[in-house]
Amino acid sequence: MDFLMSGLAACGACVFTNPLEVVKTRMQLQGELQAPGTYQRHYRNVFHAFITIGKVDGLAALQKGLAPALLYQFLMNGIRLGTYGLAEAGGYLHTAEGTHSPARSAAAGAMAGVMGAYLGSPIYMVKTHLQAQAASEIAVGHQYKHQIFSPQSWKLALVAAMVSGIAVVLAMAPFDVACTRLYNQPTDAQGKGLMYRGILDALLQTARTEGIFGMYKGIGASYFRLGPHTILSLFFWDQLRSLYYTYTK
């Protein structure tokens, strides 16, 4: 659970911070191995970079590399925080007398960080290549021409659904848990619930008794259901519409 929760939390943050990562990547590549004043500065500062990328490459370019960025964050932070959490839960951060050991904490943190960085490094490279891609008039650094999926590929739609599903699941999981429990609770002779008075009461009781993680029970199943469900629904809807218009002409 530590691996899953820490990884999903990092992915949720990544959706909002990825545009800054795109800007950072391009500003770091600008003027690579060139003396100051000998190259054209496409990006004068953070705000100018945002405006320039949005104008020339389009607003969607500010989320370039989002798919590998999410995978990187899930792996790196899931492994890093999850491993540290396991060490903490196993009592490895304390001495034989039960006192907290700064040295053991530092060692566990370093080991978890090394593991996360090592496994995430190849994905980070792909992310950097994608985020550096730009129109020729504002391009900086070497321009790799990676294209994971063609624009019309169903795989692209699936990836988009899985990416958007992270934000949806993080926002909706507590309400989904409360809804499930409201429907499943026992009732009296008049059909009134015996455990919860309503959705807010269900959320409060769950948070008080089971903690914040209790409100996210089943989040893994919810996430892996949402992406395929969304793309399959749209796929079947599109096919049914095509059949309808084919046979009604």
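User: Which side chain does Arg-26 join through a polar contact of 3.4 Å?

Analyst: This is a predicted model. Arg-26 lies in helix H1, which covers residues 2-29. A polar contact of 3.4 Å links its side chain to that of Tyr-43.

User: Is Arg-26 buried or exposed?

Analyst: The relative accessibility of Arg-26 is 1%. Buried means under 20%. Arg-26 therefore counts as buried.

User: How do the rings of Tyr-244 and Tyr-245 pair: stacked or edge-to-face?

Analyst: The structure holds two aromatic pairs. Tyr-244 and Tyr-245 form an aromatic pair, with 5.3 Å centre to centre and 70 degrees between the planes. Planes over 60 degrees apart count as edge-to-face. So the 70 degrees here make the pair edge-to-face.

User: Which class of accessibility does Tyr-245 fall in?

Analyst: Its partner Tyr-244 has 52% relative accessibility and counts as exposed. Exposed means over 50%, and buried means under 20%. Tyr-245 has 43%, so the class is partly exposed.

User: Which residue lies over the face of Tyr-124?

Analyst: Look at the ring centre of Tyr-124. At 4.2 Å from that centre, over the face of the ring, lies Lys-127.

User: What is the relative accessibility of Leu-240?

Analyst: Leu-240 lies in helix H7, residues 219-248. Leu-240 also helps make a nonpolar surface patch, along with Leu-232, Phe-235, Phe-236, Leu-243 and Tyr-247. Leu-240 counts as exposed, because its relative accessibility is 57%.

User: What is the area of the nonpolar surface patch that includes Leu-240?

Analyst: Phe-235 and Phe-236 are among the residues that make this patch. Its area is about 690 Å².

Notes
Residues are numbered from 1 along each chain as its sequence is written. This is a predicted model: local features need pLDDT of at least 70, side-chain atom pairs count only at pLDDT 80 or more; totals for chains, interfaces and linings use all residues. Side-chain values use heavy atoms; hydrogens and water are left out. Rings of Phe, Tyr and Trp (its six-membered ring) pair if their centres lie within 6.5 Å; planes under 30 degrees apart count as stacked, over 60 as edge-to-face and the rest as tilted. Buried means under 20% relative accessible area, exposed over 50%, partly exposed in between (1.4 Å probe, protein chains only). A charge sits over a ring if NZ of Lys or CZ of Arg is within 6 Å of the ring centre and within 35 degrees of the ring normal. Patches are made of residues with over 30% relative accessible area and no salt bridge: like charges are joined within 9 Å, nonpolar side chains (Val, Leu, Ile, Met, Phe, Trp, Tyr) within 5 Å. Accessible areas come from the Shrake-Rupley method with a 1.4 Å probe; for residues, only the protein chains shown count as cover. A salt bridge is a side-chain nitrogen of Lys or Arg within 4 Å of a carboxyl oxygen of Asp or Glu. Helices (H or I, at least four residues) and strands (E, at least two) are DSSP runs, numbered from the N terminus. A polar contact is a pair of N or O atoms within 3.5 Å; within protein, one must be able to donate a hydrogen and the other to accept it, and residues adjacent in sequence count only if both atoms are side-chain atoms.
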